[in-house]
Amino acid sequence: MTNQRSNTRAPLKVRIRIDHPIHGELMVVTRDISDSGVFVVIDDAQSLLKIGEHVTGQVQGLPMEAPLVQMSVVRFEPGGVALRFISDNDKAFDHGSDVAQLRDAGVPTVLDRTDAHMHHKFAIF
């Protein structure tokens, strides 16, 4: 398989809560992170998630409540799943959105500023 990644991954092991519309709350651990997404370790991920599904994630164990991050399932590997960070202009200002923090930290952010949002919009970092 050819490496098609445009963002460098950094190893990162943190506990994250994934909220799924059907399966509810899943407590998982990350393997690595990049500007565009995160890989989380989930046993039997393909039986729980589907490509294109949207989930909400929140880092756990911090001294304050972490922001909520909207993500989409993009790839399965043995032992886990790759999730891509997503946003649009309607979601960028929701309580818990991390778009401003990412932008302020120097991460390039692009928002879809049209009135017509499709279900599967992706922010490109």
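The pLDDT is the predictor's confidence in each residue, on a scale from 0 to 100, and it frames the reading of the structure described here, which is a predicted model. Across the protein the mean pLDDT is 79, with 68% of the residues reaching 70 or more. Among the elements of secondary structure, confidence is highest in strand β2, which covers residues 15–20 and has a mean of 94, whereas helix α2, formed by residues 99–104, has the lowest mean, at 72. Over residues 118–125 the pLDDT stays under 50, although the model still has 25 contacts beyond four places in sequence for this stretch. Where pLDDT is low, the predicted coordinates should not be read in detail.

The secondary structure consists of seven strands and two helices, which follow one another from the N terminus in the order β-β-β-β-α-β-β-β-α. When contacts between residues at least 6 apart in sequence are considered, 52% of them join residues that are at least 24 apart.

Of the 125 residues of the protein, 38% are counted as buried. The protein exposes an area of about 7,900 Å², of which 54% is supplied by carbon and sulfur atoms.

With regard to the aromatic side chains, the count of aromatic pairs comes to zero when ring centres are required to lie within 6.5 Å of each other. A charged side chain does, however, lie over an aromatic ring, in that R31 is placed over the face of F39, at 3.7 Å from the ring centre.

Terms used. Residues are numbered from 1 along each chain as its sequence is written. This is a predicted model: local features need pLDDT of at least 70, side-chain atom pairs count only at pLDDT 80 or more; totals for chains, interfaces and linings use all residues. Side-chain values use heavy atoms; hydrogens and water are left out. Helices (H or I, at least four residues) and strands (E, at least two) are DSSP runs, numbered from the N terminus. Buried means under 20% relative accessible area, exposed over 50%, partly exposed in between (1.4 Å probe, protein chains only). Contact means heavy atoms within 4.5 Å. Accessible areas come from the Shrake-Rupley method with a 1.4 Å probe; for residues, only the protein chains shown count as cover. Rings of Phe, Tyr and Trp (its six-membered ring) pair if their centres lie within 6.5 Å; planes under 30 degrees apart count as stacked, over 60 as edge-to-face and the rest as tilted. A charge sits over a ring if NZ of Lys or CZ of Arg is within 6 Å of the ring centre and within 35 degrees of the ring normal.
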